[in-house]
Each structure stands twice: as structure tokens, then as C-alpha cells.
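These are my notebook entries on one complex. I set down here what I looked up, entry by entry.

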Amino acid sequence: MKSRPNLYTNYDKETAIFSNNTQKFWFAVLFVLSVSLCFVATDYWILLISRSLTFSIGAWGINIVSGLAGQITLAHGSFIGIGVYTAAVLGGVASNSVWGYELDMLIWLPAAGIVAALFSLILAPLAVRLKGLNLALVTLAFLFICSHIFSNFISVTGGAGIGRKVAKLVLFGINLEEGLVFGNFLLEKNQIQYLICLFLCIVMGFGFKNIVRSRAGRAYAGIRDGDIAAEALGVNLFRYKASAFALASFYAGVGGAMASTISGGVEPGLFNLLFSILAVAIIVIGGAGTVLGPLFGAFFYIMAPGFIQYILKITHLTESALPLNLGQIEAMLFGLCIILFLIFEPRGLWGIWFRLRNYFKAWPFSY
Amino acid sequence: MTIFLQATVEGLSLAAIYSLVAIGFVLIYKSMDVLSFAQPALAVVGAGLISSLAVDRGVPFWVALFIGISLTGVLGLIVERTFLRPMVGEPVFSVAILTIGIDILLRTTLDNWIGLNPRYMGDPFPSFGNFGSAQIGGVTIKYLEIAALATAIFIIIALNVFFRKSKYGVAMRATSFDQEAALAQGINVGRIFGLVWFIAGILAAFAGFFITGGFNTLSQTSFVVALRALPAVVIGGLDSIPGAVVGSIIIGLTQGYVAYYQYDFEILTGITLGNGFSLLAPYIIMFFILVVKPDGLYGTKEVERV
């Protein structure tokens with residue numbers, strides 16, 4: 001048995017989170033590496049990686065509704081926004097123009113997810129009636145309505161062009177904004193933030209894996225591959241489509257709330273059409289419907305500009321020497337990646353990883 | 001009454017602009033089953049080409065207009081050949097996402113050229129002062145608005161004749177009816193796809209010119225106006241050209257009336273709708289139409305095989 005890792009003798013083994021010891025080993029190595037990274041890396045990279053981790057939480061969200069259940073949504077950015085503002089109101093500081101209750105992170109983080117999930121239930125009855133492009137267009141309308149509300153609901157969002165400060169990092173009544181002191185060792189805010197993001201990312205990642213291998217995950221796959229057939233086989237379309245949207249929005253809310261604490265402030269204009277397209281594009285680039293895909297996509301989206309800046313820094317090139325500015329280079333790269341991945345590798349970065357892994361698994365033989 | 005007429009005139013001219021983009025959407029959707037999100041980008045790129053020729057290069061306005069619009073058509077053709085041809089037969093939504101990628105590429109290039117200051121389109125009648133306007137019974141009508149209306153009506157009639165009388169028009173209708181049958185009859189479907197994108201590009205460029213002409217100017221956010229043709233298409237039904245025109249009129253008039261009457265309404269009822277509500281109104285109408293009639297007012301009902 002030991003030398004046959006791909007031989008499964010029962011179903012539990014086959015659907016296990018880690019199907020063999022190699023995966024367990026590499027997960028442990030990766031975990032130790034990423035924890036120790038926060039003591040080694042500079043703030044620049046720590047912030048980038050924290051951002052990637054939070055973005056991948058949001059990307060798992062849209063992967064539930066678009067990758068697993070096959071329902072296309074362009075409103076994911078709005079749910080991220082709802083999560084961000086719920087967290088900001090509950091955990092942020094009040095000023096003359098905006099509300100804020102300065103609650104603990106234990107309250108605002110789950111609340112961000114739950115409120116976003118509740119709002120997504122507005123879309124649920126529509127999601128059952130419509131499918132394909134029509135559903136995408138309804139979510140597009142929802143997105144525009146949301147962004148209008150965001151820019152006009154000043155006591156929550158601070159108003160268009162102004163924005164507000166977001167939730168404070170206060171956990172178990174301990175204020176983490178100034179860092180933590182253990183004896184003569186200081187853990188800075190960025191490092192704590194990174195560890196929280198890492199913890200959340202792992203929890204949400206396992207959550208996603210569990211959704212995939214549960215009854216709900218199989219129902220989603222059924223709806224994606226043929227909704228009428230799934231309904232004929234006894235899958236309750238309303239319940240599963242609604243729950244897909246709710247779960248996706250929960251992930252969006254939590255990921256958004258955590259990501260906002262890294263940037264410190266949010267402006268309502270952020271949650272526009274491009275932001276939602278970004279969410280779709282991340283899973284297209286990463287690999288829709290896979291567990292690791294959103295992680296790859298989010299890291300690619302955040303780290304690629306980071307690397308471009310890093311290369312500019314070490315080659316002493318200034319921005320003015322380039323034909324495009326940095327934001328435009330990012331946008332071009334991103335647009336090109338969407339097009340090229342869709343044409344040449346629809347399974348995304350995960351597909352490349354899959355082929356690489358299989359190549360080395362059988363090396364030096366071709367299969 | 002004057003306000004009502006003013007709102008109607010402005011609404012109708014908006015409707016003309018939207019219908020140009022909307023017909024492009026419908027043509028592409030009918031022939032290829034692709035919802036092209038790149039249409040707004042083609043519109044602003046067309047405007048950019050005209051502006052760069054007429055203002056930066058000093059080409060006479062009418063020549064610049066002609067070259068700019070033709071070049072946008074060719075750009076549509078190139079986009080179809082390079083990016084969309086390999087995607088024939090892929091899921092509808094993958095292709096839609098792909099057109100979003102094209103949209104990002106085109107607009108980033110254009111934004112880089114526009115820079116921070118808005119661009120002007122040039123003026124064929126300098127004596128009128130930026131396209132000029134006329135006062136008829138207290139209603140201000142810009143000549144540009146009349147031109148937009150006239151152009152849209154002319155193009156719609158011309159397209160109608162083209163589809164009914166010309167060889168390629170009939171071939172396009174055959175292709176949109178049944179691709180494989182059209183292939184079997186010896187129609188070069190690939191060429192039809194190219195032609196569709198060429199026409200859609202030309203229509204988009206006209207719309208782009210009217211969106212950014214005169215005092216409106218071309219800026220990095222001009223494409224949002226063209227994107228509002230999407231609700232118009234959806235209201236009319238994605239596969240119906242008369243629907244696209246009707247949808248555009250509904251959207252244009254709504255936008256005009258809301259812009260003029262929002263303030264009165266807010267005072268009357270005490271509800272604040274917020275800044276720029278007239279720009280949101282088309283999407284709200286789209287939302288409710290989709291809930292009630294998912295295939296739009298004129299669209300054919302989708303038949304699903306199990």
C-alpha cells in the first residue's frame with residue numbers, strides 16, 4: 001500500500017483533504033515557510049503577500065458561484081464593498097461625517113461576511129429565474145445600483161472622492177495597531193496582520209475544499225454541467241443557487257474586510273465595474289473551479305506589479321523613461337493575460353501547474 | 001412645457017447615440033452569439049482616431065472623420081480575426097470575458113494617449129462656434145444633436161436596405177439564422193464574421209464621435225456613456241435590431257427626463273436619489289425588465305434542449 005499512493009480502497013480516502021502523504025508533507029513545509037517568512041521578509045513583501053492572501057479569499061468566493069456552480073456574476077465587487085463597509089462601520093472610528101462603533105475584530109470580521117451574504121439573498125430569486133448572460137446582466141445592474149448607493153450613502157462610506165478610514169485591528173480587546181511586545185521582542189503591526197491573513201486564508205481555503213467535496217459541492221457541479229438534468233435528479237435549484245451566492249458573498253465580505261485593513265482607507269469609487277471584472281479575471285487566470293486556482297490568480301495579480309516595481313528599482317529605470325505608466329503596464333499585462341489564458345490555457349495557471357506536476361511525476365517517461 | 005420639450009430633444013439625441021452602439025451589439029450577438037463588451041472601447045478609440053487626425057495632425061475635418069471611422073471598422077475586423085476567431089464554439093461567457101480583456105487593452109492604450117487633459121474633436125463649422133445651437137420656441141437644440149439623430153436614422157435605413165437587398169446582407173441574415181446551413185450553402189461564414197465586426201466598428205466610431213463631439217470632449221471616462229447602450233440592448237432583446245432601437249429610445253428618454261425632473265421629484269416627495277441618478281436609471285430599468293421579461297421586449301424566446 002505504501003508504494004501505491006494512487007490506490008484508494010475506500011471513498012473516504014479518495015475525498016480526503018490530503019489524498020496522500022506527499023501533499024501533507026508539502027503543506028507542512030509551505031506552512032512553516034510562510035510563518036517564518038514574516039520574520040525574514042521586508043515590509044514591502046509582507047504587505048504584498050498579505051494582500052494576495054486576502055484577495056485569494058475573495059477569489060475563492062467568486063470561484064464558488066462561477067467556478068463550481070457555473071453562475072456568472074459581475075456583482076462580486078459590490079459584495080466585497082458591502083463587507084468592507086460593514087466592517088468599517090462596526091470596527092472603525094466615528095467622525096463628524098461617518099458612523100463607527102470601534103468593536104472587536106471577533107465581531108466585525110464575521111459580521112462583514114454575514115451582512116454581505118444577507119444582501120446576496122436579494123439576488124437569489126433572480127438567479128433561479130435567469131441563467132447565463134441574462135444573469136450576468138442582472139448582476140451588472142446590481143453592481144451599478146450598489147456603486148451609486150456607495151457614493152451617496154455618506155454616513156457609511158464617506159462619499160465619493162473622499163472615502164473613510166476602515167476597521168481597526170483590535171482582537172480580544174488588545175489593540176494591535178501599535179504592535180505587540182513579547183519580553184524584549186516587538187511584533188510589528190504588519191507582521192501581525194500577515195499572520196492573521198495567513199490564518200484566515202488557510203481556514204477559508206480548507207472551507208472551500210470542504211465545500212467542493214461535500215454534498216453542496218456536488219450539487220453545484222451538477223447545476224454547472226446541466227441545471228435541468230440536476231433538477232430532474234432531485235437537486236433543489238433554488239436552495240443551491242441561493243446558497244452558492246450567499247457563500248460566495250460571505251467569502252467576499254471576509255476577504256474584503258481583511259484587505260481593507262491593509263490599505264487603511266477606502267473610497268467608494270474603488271468598487272466599480274473594473275473591480276468586479278478583476279474578480280472574474282483572477283479566477284480565469286488562476287483556473288476556475290479548482291481549489292488552488294484562485295490562490296495562484298490572486299498571487300499573480302498582486303505580485304506581478306510588485307515584481308515590475310522591484311525590477312524597475314534594481315535596474316534604476318524611472319517611470320518617465322517608459323512609454324506607459326505603472327498602472328497602465330499592469331492593466332495591459334492583465335488584459336493580455338485574460339485573452340491569452342482564455343485562448344491557450346482555459347484551465348489557467350492551475351492547468352500549467354497540473355501539467356508540470358504530471359510531467360515530473362512520470363519523469364523521465366512521458367506518461 | 002419648455003423643460004419637457006428640452007428633455008425630449010436631449011433624450012432623443014442620446015437615444016440616437018445609444019442606438020448606434022446598440023445595433024453593433026445586436027449584430028455581433030446575432031451572428032456570433034457573442035456579447036461584446038469591447039464595443040464601448042471601439043467607440044472611444046474611434047473618437048480618439050478622429051481627434052488625433054483632425055486636431056493633432058491638422059487633417060481637414062471631413063477627411064479625418066472618414067479615415068477615423070474607417071480605421072475603427074478595420075480595427076474591429078482585426079480584433080475579430082486575431083482574438084475571436086480562435087474562440088469559435090467556446091462557451092458564451094468565456095468569449096464575453098475575452099472581449100473584456102480586449103476592452104482593457106484598447107482603453108489602456110487610448111488612456112495613455114489621452115493623458116490628463118480632455119481632447120477635442122475638431123470643428124467643421126468654425127463660424128458656428130463648436131458646432132453651434134439653435135433656439136426654437138425656448139428650446140435649445142444643438143446642431144450636434146440634430147446631426148446625431150439624422151445620422152442614426154440614415155444608418156438604420158441604410159442597414160435595413162443592406163440586409164434586404166445586397167448579397168452580403170442576405171448572407172449575414174442566413175448566417176445568423178443557422179451557421180452550419182449557411183456554410184453548406186457556400187456562404188463564407190468567416191468573412192461574414194469579419195464584416196459584422198467591421199460594421200459594428202463603424203457604428204461604434206460614429207457613436208464615439210457624437211458622444212465626444214463639441215463641448216463634451218474625449219476623456220478617460222467617455223466610454224461609460226457608450227456602455228449605457230448595453231441596458232438598451234437588453235431591454236429590447238439581445239437578438240433584435242428593432243428592439244435595440246426601441247430600447248435606446250426608452251433609455252435615452254428616461255435619462256433625459258430623470259435629469260430634468262429629479263430635482264422637482266425630490267422636493268415633491270422628500271426622497272433624495274443622489275447625484276447622477278439619471279445615469280443609473282437605465283440600469284434600474286434593465287434590472288426590472290430582466291426580472292419580468294428575461295428575453296427583452298422583442299427578443300426571441302430561448303428554446304432549451306435537455
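The entries below run from confidence and the interface to the core, single helices, turns and single residues.

**Entry 1. Confidence**

I began with the status of the coordinates: this is a predicted model. For chain B I read a mean pLDDT of 84, with 96% of its residues at 70 or more. For the complex I noted the predictor's ipTM of 0.84 and its pTM of 0.87.

**Entry 2. The interface**

How many residues of chain B are in contact with chain A? I found 29 residues of chain B in contact with 32 residues of chain A. On the side of chain B that touches chain A, the elements giving two or more residues are α4 (92-114) and α12 (277-292) of chain B. Of the elements there, α4(B) gives the most, with 13 residues. I then sorted this side of chain B by residue class and obtained 22 nonpolar, six polar and one charged.

**Entry 3. The largest nonpolar core**

I next looked up the largest nonpolar core, which has 201 residues. The members that touch the most other members are I338(A), V21(B), A43(B) and A207(B). Which helix gives the most to this core? I recorded helix α8 (residues 189-212) of chain B, with 16 residues.

I followed A207(B) further. Leaving aside neighbours within four places in sequence, A207(B) is in contact with I17(B), L20(B), V21(B), A43(B) and A226(B). Two of these contacts, V21(B) and A43(B), are themselves listed with A207(B) among the core members that touch the most others.

**Entry 4. Two helices of chain A**

I checked helix lengths against the rise of 1.5 Å a residue. Helix α4 of chain A covers residues 76-91, 16 residues in number, and should therefore span 22 Å; its end C-alpha atoms are 22 Å apart, in agreement. As for cover, 16 of the 16 residues of α4(A) are buried.

Helix α12 of chain A, residues 237-263, has 27 residues and so should span 39 Å; I found its end C-alpha atoms 39 Å apart, which also agrees with the expected span. α12(A) is mostly covered, with 21 of its 27 residues buried. After α12(A) comes G264(A), whose phi is positive, near 90°.

**Entry 5. A hairpin and a loop in chain B**

I then examined strands β1 (residues 133-136) and β2 (residues 139-142) of chain B, which pair in the antiparallel sense over four bridges. Within this pairing, the bridge partner of Q135(B) in β2(B) is T140(B). β1(B) and β2(B) form a hairpin with two residues between them, and G137(B) in the turn has a positive phi of about 55°.

I also noted D33(B), which is not a glycine yet has a positive phi of about 60°. D33(B) sits in the loop between α1 (2-32) and α2 (39-56) of chain B. Is D33(B) buried, exposed or partly exposed? It counts as partly exposed, because it has 16 C-beta neighbours inside 10 Å, and buried would require 20 or more.

**Entry 6. Two residues of helix α3 in chain A**

S52(A) lies in helix α3 (residues 43-68) of chain A, and L53(A) is found in helix α3 of chain A as well. S52(A) is buried because 23 other C-beta atoms lie within 10 Å. For L53(A) I counted 29 other C-beta atoms within 10 Å, so it is buried.

What does each residue touch, not counting residues up to four places away in sequence? S52(A) touches A298(A), F299(A), I302(A) and M303(A). L53(A) is in contact with C197(A), L198(A) and C201(A).

I also took C-alpha distances. S52(A) and Q23(A) are 29 residues apart in sequence and 22 Å apart in space. L53(A) and N96(A) are 43 residues apart in sequence and 33 Å apart in space.

**Entry 7. An exposed strand residue**

My last look-up was N175(A), which lies in strand β3 (residues 174-175) of chain A. With 12 C-beta neighbours inside 10 Å, N175(A) counts as exposed, since the limit for exposed is 12 or fewer. N175(A) and L233(A) are 58 residues apart in sequence and, C-alpha to C-alpha, 52 Å apart in space.

Notes: Residues are numbered from 1 along each chain as its sequence is written. Chains are lettered from A and ligands numbered from 1 in the order in which they are written. This is a predicted model: local features need pLDDT of at least 70, side-chain atom pairs count only at pLDDT 80 or more; totals for chains, interfaces and linings use all residues. pLDDT is the predictor's confidence in each residue, from 0 to 100. Two residues are in contact if their C-beta atoms, placed from the backbone, lie within 7 Å. Ala, Val, Leu, Ile, Met, Phe, Trp, Tyr, Cys and Pro count as nonpolar, Asp, Glu, Lys and Arg as charged, and the others, Gly among them, as polar. The expected span of a helix is 1.5 Å times one less than its number of residues. A nonpolar core is a set of buried Ala, Val, Leu, Ile, Met, Phe, Trp, Tyr and Cys residues joined through C-beta atoms within 7 Å. Two strands pair if DSSP finds at least two bridges between them.
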